[in-house]
Number of protein chains: 2
Amino acid sequence: MTQNFDAMRQQSRDDVRAHIRCGAYSDHTSGLAQGFLQANLVILDKEFALDFMRFCQRNPKPCPLVGVTDTGSPFMKTLGADIDIRSDVPSYNIYRNGVLTNSIGDINDLWTDRMVGFALGCSFTFEHALISAGIAVWHMEHNRTVPMFRTTIETTPAGPFSGPMVVSMRAIDRDKIDLVRDISAQFPLAHGKPVHCGNPADIGIADIAVPDWGDPSPVDAGQVPVFWACGVTPQAAIMRAKPPLCITHKPGQMLITDVPEDAEVPIVTTAA
Amino acid sequence: MTQNFDAMRQQSRDDVRAHIRCGAYSDHTSGLAQGFLQANLVILDKEFALDFMRFCQRNPKPCPLVGVTDTGSPFMKTLGADIDIRSDVPSYNIYRNGVLTNSIGDINDLWTDRMVGFALGCSFTFEHALISAGIAVWHMEHNRTVPMFRTTIETTPAGPFSGPMVVSMRAIDRDKIDLVRDISAQFPLAHGKPVHCGNPADIGIADIAVPDWGDPSPVDAGQVPVFWACGVTPQAAIMRAKPPLCITHKPGQMLITDVPEDAEVPIVTTAA
């Protein structure tokens with residue numbers, strides 16, 4: 001039975017993931033399974049794996065690496081006892097030669113023993129901390145996906161991977177900017193401090209009302225647009241690198257892990 | 001002209017590295033070029049690079065990855081404008097088939113275009129923060145190398161890399177333990193919080209006076225031995241994995257980078 005977002009909010013982490021795995025839920029995961037790390041997902045052929053890991057290491061703000069599978073293994077053992085990256089995000093984006101061709105609910109038919117999966121930390125972690133500190137986050141209150149934009153900030157290249165940093169935007173009351181910066185700085189595996197506050201044009205965003213991914217979000221009087229490095233950045237890099245096949249989560253629809261959001265390191269177990 | 005430690009303490013970061021590069025200084029780097037990140041170094045054939053990066057990602061406390069070269073490039077561009085890992089640590093340990101065969105001053109003659117260099121964060125970063133907070137660190141005050149021990153704490157394996165975590169030990173006054181924990185927690189790229197405080201036998205250390213690497217350090221009355229995950233851990237893993245050739249820094253004699261110790265991310269430049 002297909003589940004809607006409000007029904008999923010009431011469910012446990014295991015139940016949410018079970019609904020996602022069987023295809024019964026295919027919407028965004030912001031606000032679900034609260035208290036646990038969620039992750040962006042990138043799956044590539046092993047030929048690209050070392051360069052992609054270098055790209056993540058060199059760009060830790062947009063690409064904070066929190067998990068990597070063994071080559072050919074669909075199980076992200078360090079992030080949970082039963083995480084199958086072939087089925088455990090709500091929707092997958094399929095890129096062929098750098099072009100987004102379609103979105104599908106699972107990738108069981110595409111999986112091969114040459115594939116490596118990468119999990120990258122996600123802004124949901126610090127959003128929960130912001131909300132706990134009494135800071136309103138519009139897209140969460142309105143059940144939307146955060147607006148995301150390509151910028152003129154360049155990433156540090158690695159092999160075929162390069163290109164612009166993608167950022168997410170949250171409108172913050174002017175007198176809360178310092179607090180928001182201090183809170184998000186505590187989460188280096190969830191993009192850390194903002195990369196920019198203020199004029200969107202300074203980082204090459206032409207129209208704040210027209211995001212490249214996600215839903216538009218208003219910036220009210222007395223608010224400042226605040227921009228964080230975003231885990232969709234590798235999707236932009238992959239569009240430039242043009243690997244024959246790359247699979248990612250659909251933006252906003254993340255991998256839910258068993259790692260508590262406040263864990264010192266993103267590891268649940270000494271995976272044998 | 002050969003330089004001694006006290007002479008080196010007075011010198012700038014560039015001068016220290018120049019003396020190391022030309023072979024004029026070959027002792028430990030603790031306390032040198034203060035304010036800048038120092039790093040453990042591991043160099044492997046590209047055949048092992050992906051598994052070694054996985055090992056680091058899965059064991060971020062002993063192996064906090066702060067830099068990776070391109071395959072075949074001896075330049076660690078993201079950590080400094082002019083860092084040549086063939087010559088820029090004071091002494092190198094050479095492991096053949098997992099056995100430490102010798103230590104040498106540079107590796108120019110061993111370098112090949114199949115090699116990948118990895119830099120891992122180092123405890124010197126949080127030691128400086130401890131000293132700034134008025135906490136005595138015995139081995140620094142006495143110009144020794146921190147004592148390091150193999151433990152019974154298992155790392156999370158990746159490919160051929162596995163085995164015991166190596167820890168470093170500092171004796172801390174009992175009433176300063178919480179402060180020390182809080183300070184070191186602020187440096188996730190420098191091993192973060194301690195992995196153990198108290199009885200060495202709890203983590204398999206038979207004799208605190210006989211370290212596996214480094215120099216013995218006393219634990220006075222009123223002090224507690226405090227153990228941090230150590231960047232020598234990969235050397236123990238390499239001894240088990242037995243790659244045909246692996247090159248590391250000699251423990252205590254680190255790679256000095258251009259990255260400030262308090263940088264949010266370990267990147268100096270968008271290396272082109």
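Visitor: By what turn can chain A be laid on chain B?
Guide: The overlay is a least-squares superposition on the C-alpha atoms of residues with pLDDT of at least 70 in both copies. Its RMSD is 0.0 Å, with a shift of 0.0 Å along the axis. That is the relation of a two-fold axis. The turn is 180 degrees.

Visitor: Which C-alpha of chain A is nearest the axis?
Guide: First, a note on the model: it is predicted, local features need pLDDT of at least 70, side-chain atom pairs count only at pLDDT 80 or more, and totals for chains, interfaces and linings use all residues. Residues are numbered from 1 along each chain as its sequence is written, while chains are lettered from A and ligands numbered from 1 in the order in which they are written. The C-alpha in question lies 2.7 Å from the axis and belongs to A:Leu50.

Visitor: Which element gives the most to the side of chain A that touches chain B?
Guide: Contact means C-beta atoms, placed from the backbone, within 7 Å. The contact takes 21 residues from chain A and 21 residues from chain B. Two elements of chain A, α3 (49-58) and β2 (65-68), each supply at least two residues of that side. With six residues, the one that gives the most is α3(A).

Visitor: How do the residues on that side of chain A divide?
Guide: Ala, Val, Leu, Ile, Met, Phe, Trp, Tyr, Cys and Pro count as nonpolar, Asp, Glu, Lys and Arg as charged, and the others, Gly among them, as polar. On the side of chain A that touches chain B, the split is 10 nonpolar, five polar and six charged.

Visitor: How far apart do the C-alpha centres of domain 1 and domain 2 of chain A lie?
Guide: Domain bounds come from an automatic or database domain assignment. For chain A it gives domain 1 (5-123 + 240-260) and domain 2 (124-233). In contact are 28 residues of domain 1 of chain A and 35 residues of domain 2 of chain A. The centres are 21 Å apart.

Visitor: Is A:Trp138 buried or exposed, or partly exposed?
Guide: A:Trp138 lies in helix α5 (residues 138-141) of chain A; helices (H or I, at least four residues) and strands (E, at least two) are DSSP runs, numbered from the N terminus. Buried takes 20 or more other C-beta atoms within 10 Å of a residue's own, exposed 12 or fewer, and partly exposed lies in between, with C-beta atoms placed from the backbone. A:Trp138 has 19 C-beta neighbours inside 10 Å, so A:Trp138 counts as partly exposed.

Conventions. Two residues are in contact if their C-beta atoms, placed from the backbone, lie within 7 Å.
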